[in-house]
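Reader: I would like a close look at a single part of this model. Please take one helix, its buried side and what that side packs against.

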Amino acid sequence: MKKVFKKWIIPVCLVIIIFTQLVDYYLQKDINPALLVVVVALLPAALKGLEYKISKKIERVITMFAVLGMIYVIKFTFF
């Protein structure tokens with residue numbers, strides 16, 4: 001039971017974050033890019049937790065998108 005819970009906790013949390021962002025966009029026409037960056041950054045960990053084989057190239061691309069997203073968030077938050 002504990003292993004199953006550990007395996008599914010990150011993917012379930014990421015789906016909840018995506019769902020809340022979609023609801024927020026539908027209701028207020030506003031989206032929080034920082035939460036989407038978190039989802040992209042944690043996506044490789046979630047896939048590994050589900051024992052899904054992910055290639056190093058795809059993992060690097062996802063990491064690059066997370067870094068670029070973080071730069072975007074920092075730029076438009078502080079400058």
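Author: In this predicted model, the buried residues of H3 are Glu-59, Ile-62, Ala-66, Gly-69 and Val-73. These buried residues pack against H2. H3 itself has 23 residues, running from 56 to 78. From its first C-alpha to its last, H3 reaches 33 Å, close to the 33 Å expected at 1.5 Å a residue.

The partner, H2, covers residues 33-49. The axes of the two helices come within 8 Å and cross at roughly 160 degrees. Because that angle is over 145 degrees, H2 is roughly antiparallel to H3. The crossing in which H2 passes H3 is left-handed.

On the H2 side, the residues that meet H3 are Pro-33, Ala-34, Val-37, Val-40, Ala-41, Leu-43, Pro-44 and Lys-48. On the H3 side, the residues are Glu-59, Ile-62, Phe-65, Ala-66, Gly-69, Met-70, Tyr-72 and Val-73. Sorted by class, this contact has 13 nonpolar residues, one polar residue and two charged residues.

Glu-59 deserves a separate note. Glu-59 lies in H3, and its relative accessibility is 18%, so it counts as buried, the cut-off being under 20%. Leaving out residues up to four places away in sequence, Glu-59 touches Pro-44, Lys-48 and Ile-54. Of these, Pro-44 and Lys-48 are among the H2 residues that meet H3.

Key:
Residues are numbered from 1 along each chain as its sequence is written. This is a predicted model: local features need pLDDT of at least 70, side-chain atom pairs count only at pLDDT 80 or more; totals for chains, interfaces and linings use all residues. Side-chain values use heavy atoms; hydrogens and water are left out. Axes are lines fitted to C-alpha atoms, for helices over the stretch in contact, and angles run from 0 to 180 degrees between N-to-C directions. Helices (H or I, at least four residues) and strands (E, at least two) are DSSP runs, numbered from the N terminus. Angles under 35 degrees count as roughly parallel, over 145 as roughly antiparallel, 65 to 115 as roughly perpendicular and the rest as oblique. A crossing is left-handed if the near helix is turned anticlockwise from the far one by less than a right angle, and right-handed if clockwise. Contact means heavy atoms within 4.5 Å. Ala, Val, Leu, Ile, Met, Phe, Trp, Tyr, Cys and Pro count as nonpolar, Asp, Glu, Lys and Arg as charged, and the others, Gly among them, as polar. Buried means under 20% relative accessible area, exposed over 50%, partly exposed in between (1.4 Å probe, protein chains only). The expected span of a helix is 1.5 Å times one less than its number of residues.
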